[in-house]
Amino acid sequence: MKRKKRILLVATLALTSTVFAQGNVRTINNQFSSLFNKSSNYQNYKIVDKQSLLDLQQNVEDSISNYKGKIAEGQSLVLQHQKELADVSQKLETAEQELKTSLAKEENFEFLGIAANKNTFQTVILLLFALLLAMAGVFYYRFKKSNVDTKDALNKLRDTDEEFEEFRKLSLEREQKIRRQLQDEINKNKAE
C-alpha cells in the first residue's frame, strides 16, 4: 500500500509539474484533455488526482481573472475612447457653430444700426450709384441747356441793347432835328 501511495505521489508530482510547466504554454482545453488522458479508470469512472484538479482549477481561475483584467482594460480603453470621441464631437460641433456664425457675420453686417445682408447692401449701393449717376446726367443736361439759354438770352440782350442804342441815337437826332425846327420856327415867328 505504501508503494502505491509513493507511486501515486510521484505521478501526481510529475503530473503537477507537467501541468505547471505546460500551463503557461497550453490552453485550458489542452489542460483538461491532458488531465483526462492521464487519469486512471475505475469501473467506468475516471480517477483524477485531487492536486491536479486543484491545480487545473487554479489555472482556470487565473485565466479567468486574467481575461477579466483584459476585459476591464478593454472597457476602460473603450470608455476613454468614447470620452475622447465625445470631446472631439463637442469640439467639432463648437467649431461648426463658430464657422456658421463667422459665415453669417461675413454675409451680414450692421450699417447705421440696421442689420443688412451684403448682397442686399451691394444692390442698394449700386441702385444709389445708378440714381446719382442719372441725377448727375439730368443736372448736366439742365446745366448745358441753361447755359445755352443764358448765352442766347445774353446775345438777345446785346442785340436789344444795340438796337436800343441805335434807337436812342436816332431818337436823339430826331429830337435835335425837331428842336432845331422848333427853334427855327420860333426864330421865324419872332422875325415876322
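A salt bridge is taken here as a side-chain nitrogen of Lys or Arg within 4 Å of a carboxyl oxygen of Asp or Glu, and by this rule the count comes to 3 salt bridges. The model is a predicted one, and the tour below visits these pairs after a look at the whole chain and at helix α2.

**The whole chain**

Begin with the chain coloured by secondary structure, where 4 helices and 4 strands can be picked out. Followed along the sequence, these elements come in the pattern α-α-β-β-α-β-β-α. If you then colour by accessibility, buried residues account for 7% of the 192 residues in the chain.

**Helix α2**

Select residues 28-38, which make up helix α2, and show the side chains of Gln31, Ser34 and Leu35, which are buried. Turn the view until you look down the axis of α2: the buried residues fall within an arc of 100°, so they line one face of the helix. Now add Asn29 and Asn37, which are exposed and lie on the other side of α2.

**The nonpolar patch**

Move next to Val124, Ile125, Leu128, Leu131, Leu132, Met135, Val138 and Phe139, and display their surface, since together they make a nonpolar surface patch of about 730 Å². Leu131, one of these residues, lies in helix α4 and is partly exposed, with a relative accessible area of 47%.

**The negative patch**

Select Asp159, Asp161, Glu162, Glu163 and Glu166, which form a negative surface patch. Of this group, Glu162 can serve as an anchor for the view, as it is found in helix α4, the element that spans residues 118-191.

**The salt bridges of helix α4**

Keep helix α4 in view and show its charged side chains. Side chains of opposite charge can pair when their charged atoms come close.

Which residue meets Glu165 in a salt bridge? The partner is Arg168, with a distance of 2.4 Å from N to O. Both residues lie in helix α4, 3 residues apart, which is about one turn of the helix. Glu165 is partly exposed at a relative accessible area of 32%, and Arg168 is likewise partly exposed, at 45%.

Continue to Glu175 and Arg179, whose salt bridge has its closest N and O atoms 2.8 Å apart. These two residues also belong to helix α4, and the spacing between them is 4 residues, again about one turn. Is Arg179 buried or exposed? Arg179 is exposed, with a relative accessible area of 55%, whereas Glu175, at 37% relative accessibility, counts as partly exposed.

Finish at Lys188 and Glu185, where a salt bridge joins the two side chains at 4.0 Å from N to O. Lys188 and Glu185 are 3 residues apart in helix α4, and so are separated by about one helical turn. Both ends of this pair are partly exposed, Lys188 at 48% relative accessibility and Glu185 at 41%.

Why does such spacing suit a pairing along a helix? An α-helix has 3.6 residues a turn, so residues three or four places apart point the same way. With that in mind, look once more along α4 at Glu165 with Arg168, Glu175 with Arg179 and Lys188 with Glu185.

Note on methods
Residues are numbered from 1 along each chain as its sequence is written. This is a predicted model: local features need pLDDT of at least 70, side-chain atom pairs count only at pLDDT 80 or more; totals for chains, interfaces and linings use all residues. Side-chain values use heavy atoms; hydrogens and water are left out. Buried means under 20% relative accessible area, exposed over 50%, partly exposed in between (1.4 Å probe, protein chains only). The arc is that of the directions from the helix axis to the C-beta atoms. Patches are made of residues with over 30% relative accessible area and no salt bridge: like charges are joined within 9 Å, nonpolar side chains (Val, Leu, Ile, Met, Phe, Trp, Tyr) within 5 Å. Accessible areas come from the Shrake-Rupley method with a 1.4 Å probe; for residues, only the protein chains shown count as cover. Lys and Arg count as positive and Asp and Glu as negative; His and the chain ends are not counted. The place of a charge is taken as NZ of Lys, CZ of Arg, CG of Asp or CD of Glu.
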